[in-house]
Amino acid sequence: MTAIALFAATFFLVLFLGLQSLNVNGGHKLMAAVTSLGISTANIVVLKTMPGPTDWLEMSAYCLGGPAGILVSMAIHPWMVRKFGRKS
């Protein structure tokens, strides 16, 4: 169960960090503010979970969540901009 929580928390942390970067660079202020809340929430889960006892499975889940999260953020950001981005 801890491995799943760490994978999910790291996935969402990196997902939101990637979206945050793309939103800031694109000038999407509202979306940047919303992704900041996601970063904070996911970071709390990581910080509360990692100090506990971890073995290779938890550490692997932690390490694999990041690459998955950044790839998904890059894939969904164009859709987010079309749906929620600033209107010019």
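Helices H1 and H3 cross in a right-handed sense. The model described here is predicted. The angle between H1 and H3 is about 35 degrees, and their axes lie 6 Å apart. The contact of H1 with H3 draws on 18 nonpolar residues, nine polar residues and one charged residue.

H1 also packs on helix H2. H1 covers residues 2-26 and H2 covers residues 29-49. Here the packing angle is about 155 degrees, with 8 Å between the axes. Angles over 145 degrees count as roughly antiparallel. H1 and H2 are therefore roughly antiparallel to each other. The crossing of H1 past H2 is left-handed. In the contact of H1 with H2, 15 residues are nonpolar and nine are polar, while no charged residue takes part.

These helices belong to a chain with three helices and zero strands. Along the sequence the pattern reads α-α-α. The C-alpha trace spans about 50 × 20 × 20 Å along its principal axes. The chain has 88 residues, and 33% of them count as buried. Contacts with a separation of 6 or more were also examined by distance along the sequence. Of these, 79% join residues 24 or more positions apart.

H1 itself has 25 residues. At 1.5 Å a residue, H1 should span 36 Å. The end C-alpha atoms of H1 are 36 Å apart, so the expected and modelled spans agree. Several residues of H1 are buried, including Ala 3, Leu 6, Ala 9, Phe 11, Leu 13 and Leu 15. Leu 19, Gln 20 and Asn 23 are also among the buried residues of H1. The cover over the buried residues of H1 includes H2 and H3, the latter formed by residues 56-84.

Two buried residues of H1 show which parts of the chain meet this helix. Thr 10 is found in H1. Its relative accessibility is 5%, so Thr 10 counts as buried. Leaving aside residues up to four places away in sequence, Thr 10 touches Val 46, Tyr 62, Gly 65 and Gly 66. Val 46 falls within the residue range of H2, whereas Tyr 62, Gly 65 and Gly 66 fall within that of H3.

Gly 18 is also a residue of H1. With a relative accessibility of 8%, Gly 18 counts as buried. Gly 18 touches Ile 70 and Ser 73, again not counting residues up to four places away in sequence. Gly 18 and Ile 70 are 52 residues apart in sequence. In space, their C-alpha atoms are 5.8 Å apart.

The end of H1 leads into a loop. Gly 27 follows H1 and has a positive phi, near 75 degrees. His 28 is found in the loop between H1 and H2. The relative accessible area of His 28 is 9%, under the 20% cut-off. His 28 is therefore buried. Beyond residues up to four places away in sequence, the contacts of His 28 are Leu 22, Asn 23, His 77, Val 81, Gly 85 and Arg 86. Of these, Leu 22 and Asn 23 lie in the residue range of H1, and His 77 and Val 81 lie in that of H3.

In H2, Gly 38 was examined. At 11% relative accessibility, Gly 38 counts as buried. Gly 38 is 11 residues from Gly 27 in sequence. The C-alpha atoms of Gly 38 and Gly 27 are 18 Å apart in space.

The loop between H2 and H3 contains Gly 52. The relative accessible area of Gly 52 is 30%, so this glycine is partly exposed. Gly 52 and Thr 2 are 50 residues apart along the chain. Their C-alpha atoms are separated by 9.4 Å.

Definitions and conventions
Residues numbered from 1 in each chain as written. Predicted model: local features only at pLDDT ≥ 70, side-chain atom pairs only at ≥ 80, totals over all residues. Heavy atoms only, no water. Axes fitted to C-alpha atoms, helices over the stretch in contact; angles between N-to-C directions. Helix = DSSP H or I, 4+ residues; strand = E, 2+ residues; numbered from the N terminus. Parallel < 35°, antiparallel > 145°, perpendicular 65-115°, else oblique. Left-handed = near helix turned anticlockwise from the far one by under 90°. Nonpolar A, V, L, I, M, F, W, Y, C, P; charged D, E, K, R; others polar. Buried < 20%, exposed > 50% of the residue type's maximum accessible area, 1.4 Å probe, protein only. Contact = heavy atoms within 4.5 Å. Expected span 1.5 Å × (residues − 1).
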